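Trainee: Please take one part of this model and go through it closely with me, then relate it to the rest of the chain. I would like a connected account rather than a list.

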Amino acid sequence: MDLNGFPADPRLGRVAAPVVTTGKSHLPKPQLFQTICFACHTVGGVGGNVGPPLDTIGTKMNEDDLKAWISDPQKIKPGTAMPQIPMTAEQLDEMVAYLISLSAEYPPPCAAQI
Ligand code: HEC
């Protein structure tokens, strides 16, 4: 059967494996996240795509990095498109704890077989 060169070489099945996002956390989603951060970021595939998905951010940034970044992105990376979002120290703590807890679920058990 002539499939007119399909599938293409090189096979991209492994490269194109779906990114696994769980968006799960044992903590409730902070209200501030739901109303503001979601406009630009996804968790569990839901949200905006101005900034990167945050499902696995805890594997990349620790609590201190996250606090410093969220409280003043321009100070860490002048000219970044992420604005400084006013919040109380409690809201910042809640936000960082939530973001770190997301990564605790990653990778999900099935990811090893992909
Ligand atoms: C107006 C859009 C916008 C909003 C609102 C926003 N961000 Fe961002 N965020 C960005 C962009 C764009 C980046 C990438 C910044 C860069 O690398 O210059 C980013 C980066 C980040 C990063 C680092 C990601 C990485 O992989 O390096 C974290 C963490 C983050 N944002 C958290 C938040 C949180 C928490 C909120 C809500 C309080 C929020 N952001 C609100 C646009 C936004």
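Mentor: N4 lies in the segment before α1, and in this predicted model the phi angle of N4 is near 55 degrees, a positive value in a residue other than glycine. N4 has 5 other C-beta atoms within 10 Å, and because a residue with 12 or fewer is classed as exposed, N4 is exposed.

From that segment one can follow the chain to the part that I would examine most closely, the loop between β2 and α2, where N49, P52 and P53 are all placed. The order of elements from the N terminus is α-β-β-α-α-α, which amounts to four helices and two strands, with β2 spanning 46-47 and α2 spanning 63-71.

Within the loop, N49 has 9 C-beta neighbours inside 10 Å and therefore counts as exposed. Its C-alpha atom is separated by 7.9 Å from that of A39, although the two residues are 10 positions apart along the chain. P52 is also exposed, but with 12 other C-beta atoms within 10 Å, so P52 sits exactly at the limit, since the exposed class takes in residues with 12 or fewer. P53, by contrast, counts as partly exposed because it has 17 C-beta neighbours inside 10 Å, a number that falls between the limit of 12 for exposed residues and the 20 needed for a buried one.

Both prolines can be referred to C40: the C-alpha atoms of P52 and C40 are 8.0 Å apart for a sequence separation of 12 residues, while those of P53 and C40 are 8.8 Å apart for a separation of 13. C40 matters for the description of the ligand site as well, for it is one of the residues that come nearest to the ligand, together with C37, G51, T80 and M82, out of the 23 residues around it. By class, that shell holds 18 nonpolar, three polar and two charged residues. Both α1 (31-35) and α2 supply at least two of its residues, and α2 gives the largest share, three residues.

The other grouping to set beside this loop is the largest nonpolar core, whose 10 residues are V43, L54, I57, L66, I70, M95, V96, Y98, L99 and L102. Both α2 and α4 (89-103) contribute at least two residues to this core, and the largest share, five residues, is that of α4. L54 can serve as a point of entry: leaving aside residues up to four places away in sequence, L54 touches H41, V43, L99 and L102. As a general background, nonpolar side chains in soluble globular proteins tend to be buried together.

For the chain as a whole, buried residues make up 13% of the 114 residues, and among contacts with a separation of 6 or more, 62% join residues 24 or more positions apart.

On confidence, the average pLDDT of the chain is 84, and 80% of the residues score at least 70. For the elements that flank the loop, β2 has the lowest confidence in the chain, with a mean of 90, whereas α2 has the highest, at 97.

Note on methods
Residues are numbered from 1 along each chain as its sequence is written. Two residues are in contact if their C-beta atoms, placed from the backbone, lie within 7 Å. A residue is near a molecule or strand if its C-beta atom, placed from the backbone, lies within 6 Å of it. Ala, Val, Leu, Ile, Met, Phe, Trp, Tyr, Cys and Pro count as nonpolar, Asp, Glu, Lys and Arg as charged, and the others, Gly among them, as polar. pLDDT is the predictor's confidence in each residue, from 0 to 100. A nonpolar core is a set of buried Ala, Val, Leu, Ile, Met, Phe, Trp, Tyr and Cys residues joined through C-beta atoms within 7 Å.
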